[in-house]
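Q: Please take a close look at the nonpolar interior of this model, and then place the pockets, cysteines and backbone turns around that description.

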Amino acid sequence: ETIQDIKEKLQDQMEWCDCITMGPVMGKDDIAEYIVNKVLNQCKKPVILDADALSILAVNTELFHKLETLQEDENTRKTLIFTPHLKEFSNLIHSEIEVIKKERLERCDEFTKKMYAVLLLKDILTLCQSQGKPYYLNLSGNDVLAKAGSGDVLTGLIASFVAQYSKKEHIKEELEACKMDFAFYASCMAVYLHGSAGEMASRERNHSYCLASDIINQYYNIM
C-alpha cells in the first residue's frame, strides 16, 4: 500500500478502534514512520508501543520530543504503554544497557514521569511502572518467553485487556479508588498471565521446541 492508501484508511481506523498497537512486524520504512507519527500526534485512544515503533521513535528525536510536549498537556495527553526489552529501552533513552541495569528503578521512574506513561521493561524479571507509582516486578515465566514472537503475543494480550478495561467504567472507578490506572493494571495482568502461559507450555513440550503459538494456546487454560 502507498502512503495515500494509508492516509485514507487510518483516520477511520483510529476513530472506531478502542486502542492501537504499533510495532510488531511493522517495519521501519516511510509508511511505518508516517503511521507512528500520525497516531501519536492525532489519536486520542490508548496506544501501545513495541518493537519497530520503538525503534522509529528512538531515532526520530523530533517526534519523541513532540510526544513529550503533548503528554505534558492534560488536553492532549493520551494513555501510552511502552513495552521495550533492555536494548530497545537503551536506544529510546540513549543510555547504556549496563547503566540501565544498575539504575533500573531510577531510569524507569524518570521515563514514566516524563512521558506520563506505563512502562513495561521486559527482562528475566519484567518490571512494570506507571508515572512514578509503586512498581510491579513479575515473577512468572521462564526461558520459553525468549522465543521469537513471544513479545508480540504479550503486546497483543495487553491490547486486549486495555480495550476491554477502557470501556468498563466500574472497573476504572475501582482501580482509581486504589490509585491504580487501568493501563497499568492491564499491563501487569497481561505480563503475569503471559509468563504463566509460558510455564504451562513448557510442561507440555520441551523448552527447545516451544513456539510463541504454544504460549497462546495456554491462555485458555489460565483465564
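A: The account below begins with the core and moves outward from there.

The model is a predicted one, and its largest nonpolar core has 35 residues, among which Met-22, Val-39, Leu-40, Leu-49, Leu-57 and Phe-82 touch the most other members. In soluble globular proteins, nonpolar side chains tend to be buried together. Leu-49 shows how these residues meet: leaving aside residues up to four places away in sequence, Leu-49 touches Met-22, Leu-40, Leu-54, Leu-57, Leu-80, Ile-81, Phe-82 and Thr-83. A second core, separate from this one, has 31 residues, including Val-162, Ala-183, Cys-188 and Ala-190.

Leu-67, a residue of helix α4, can be described through its own contacts. Its relative accessible area is 1%, and because buried means under 20%, Leu-67 counts as buried. With residues up to four places away in sequence again set aside, Leu-67 touches Leu-40, Leu-57, Leu-80, Phe-82 and Met-115. As a long-range reference, the C-alpha atoms of Leu-67 and Glu-169 are separated by 27 Å, the two residues being 102 apart along the chain.

Helix α5, residues 86-93, adds another view of the interior, with Leu-86, Glu-88, Phe-89, Ser-90 and Leu-92 buried. The buried residues of α5 pack against three helices that can be named by their ranges, α3 (51-59), α4 (61-72) and α6 (97-102), and also against α7 (104-115) and the strands β3 (80-82) and β4 (118-121). Just after α5, the backbone at His-94 takes a positive phi of about 55 degrees.

Two further residues have a positive phi without being glycine. One of them is Val-25, whose phi is near 45 degrees; Val-25 lies in the loop between β1 (20-22) and α2 (30-42), and with a relative accessible area of 80% this residue is exposed. The other is Tyr-116, which has a positive phi of about 50 degrees and is found in the loop between α7 and β4. Tyr-116 is partly exposed, its relative accessible area being 27%.

The cysteines of the N-terminal part can be taken next. The structure holds zero disulfides, and Cys-17 is accordingly in none, the nearest cysteine sulfur being that of Cys-43 at 5.1 Å. A disulfide requires two cysteine sulfur atoms within 2.5 Å, so this separation does not qualify. Cys-19 is likewise in no disulfide, with the sulfur of Cys-17 as its nearest at 6.8 Å. Cys-17 counts as buried at 7% relative accessibility, and Cys-19 is buried as well, with a relative accessible area of 16%.

Helix α1, residues 3-16, contains Gln-4, which counts as partly exposed at 44% relative accessibility. Although Gln-4 and Ile-31 are 27 residues apart in sequence, their C-alpha atoms are 9.5 Å apart in space.

The pockets complete the picture. The largest pocket has a volume of about 410 Å³, and of the 20 residues that line it, Lys-122, Asp-123, Ile-124, Thr-126 and Leu-145 are the closest to its centre. Helices α8 (150-165) and α10 (182-204) each supply at least two residues of this lining, and α8 gives the largest share, namely three residues. Sorted by class, the lining of the largest pocket has eight nonpolar, nine polar and three charged residues.

The second largest pocket holds about 250 Å³ of space. Its lining has 15 residues, of which Thr-79, Gln-131, Asp-181, Phe-182 and Ala-183 lie nearest the centre, and the elements that give two or more residues to that lining are α9 (169-177) and α10. Here the residues divide into seven nonpolar, two polar and six charged. Ala-183 thus appears in two settings, as a residue nearest the centre of the second largest pocket and as a member of the second nonpolar core. Helix α10 also appears twice, supplying at least two residues to the lining of the largest pocket and two or more to that of the second largest.

Technical notes. Residues numbered from 1 in each chain as written. Predicted model: local features only at pLDDT ≥ 70, side-chain atom pairs only at ≥ 80, totals over all residues. Heavy atoms only, no water. Buried < 20%, exposed > 50% of the residue type's maximum accessible area, 1.4 Å probe, protein only. Helix = DSSP H or I, 4+ residues; strand = E, 2+ residues; numbered from the N terminus. 1 Å grid on protein atoms, 1.4 Å probe; cavity = no way out; pocket = protein on both sides within 12 Å on 5 of 7 lines; lining within 4 Å. Points joined across faces, edges and corners; volume = space filled by probe spheres on them. Nonpolar A, V, L, I, M, F, W, Y, C, P; charged D, E, K, R; others polar. Core = buried A, V, L, I, M, F, W, Y, C linked by side-chain atoms within 4.5 Å. Contact = heavy atoms within 4.5 Å.
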